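I opened these notes to record what I looked up about the contact between two chains and about one sheet.

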Amino acid sequence: MAKMTLEELRKLRSSQKSEMERRDVEGKETHIIVGMGTCGIAAGAKGALDGFLDTIKKNNLDDVVVKQTGCMGLCYAEPTVEVKVPGMPDTIYGNVDAKVAAEIVEKHIMHKELVQDHIQDKPAGDIIK
Amino acid sequence: MHYSLSDMILDLLQNSVEAGAREINLELLREQKNLTVRLTDNGCGMTEGELEKAKEPFFTDGIKHKHRRVGLGIPFLIQTVEQTGGLFDIQSEKNMGTSLNIQFDLGNVDTPPEGDWPGLFLQALCFEGDYELIIRRMIISENGEETGYELRRTELQDILGDFTESGAMLLLRDYLRSQEEELS
């Protein structure tokens, strides 16, 4: 990959946008929120984020919203990720590495099927507002 | 404990974003034996007393998590620097901002690996919030040759729009990785 200029980046973004319009993708309703507190970072949340991005790219899911947040209070189960998909319960997954991230995209997001072994019930009691 | 130096810096950058900084500057200067990191922000800053407490692992301001009693970002950094022959200085002024000067000794066998810098930049650019982040990465090779690049969050946002859209984030990742290409 040669060094990309800002102008090249602009062109790529505009062709990506027209492709998304052509496919008439649904609204940005799918959210992946990766916990990026000190605990998440130490446990390898970056690997999880890369795993999500790689699988999203592989499946051309350009319209998913990917966010980072701080500690969700489940430090023992980091990296943790909250996934919101229309028609599915909001789910927090724990111990998410790149492989599990790929599984979450392909099962939970694409086929509305929970990834059973990694479900955490809810954020810890002292964190819920 | 964080695995790499870039993870450690990510933690500190997140502090700046959470401190409500409107502008954050990160400079990374890598020479043969040293990595110098300068991080300044104009966030909420700390009083002298708060700054001393921030260096303690068993202290947090209680704002983020009401009942938690640990804050490990800065203590991890101090521990690493002390164990590996590095240097560390933090200055802060309440309501003005905070600045950090760090030097890691890359020749020390116990210094953690540098890690994935473009990965760090991606994450630091993609936090939520309206802040400018200016990153300058510079490498000085053995024969004195300088290479590097500069990133500005607002400039990239102007091109890509909202980074939280996966399409935009993927292009940003490609762009950042490509910037590393011509570094010596």
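How do the axes of α1(A) and helix α5 (residues 153–160) of chain B cross, and within what distance do they come? I found that they come within 9 Å and cross at roughly 35°, with axes taken as lines fitted to C-alpha atoms, for helices over the stretch in contact, and angles running from 0 to 180 degrees between N-to-C directions.

I noted that this is a predicted model, in which local features need pLDDT of at least 70 and side-chain atom pairs count only at pLDDT 80 or more, while totals for chains, interfaces and linings use all residues. Residues are numbered from 1 along each chain as its sequence is written, and chains are lettered from A and ligands numbered from 1 in the order in which they are written.

I then listed the residues making this helix contact (C-beta atoms, placed from the backbone, within 7 Å): Leu6(A), Leu9(A), Arg10(A) and Arg13(A) come from α1(A), and Glu155(B), Ile159(B) and Leu160(B) from α5(B). They divide into 4 nonpolar, no polar and 3 charged.

For the chains as wholes, I read that 35 residues of chain A are in contact with 36 residues of chain B. On the side of chain A that touches chain B, α1(A) gives the most, with 7 residues.

Turning to the sheet, I recorded an open one of 5 strands in chain A, ordered β2-β1-β3-β4-β5 with mixed pairing, where strands pair if DSSP finds at least two bridges between them. Strand β1 (residues 31–35) and strand β3 (residues 81–84) of chain A pair in the antiparallel sense over 4 bridges, and Val34(A) has Val81(A) of β3(A) as its bridge partner.

How values were computed
Two residues are in contact if their C-beta atoms, placed from the backbone, lie within 7 Å. Helices (H or I, at least four residues) and strands (E, at least two) are DSSP runs, numbered from the N terminus. Ala, Val, Leu, Ile, Met, Phe, Trp, Tyr, Cys and Pro count as nonpolar, Asp, Glu, Lys and Arg as charged, and the others, Gly among them, as polar.
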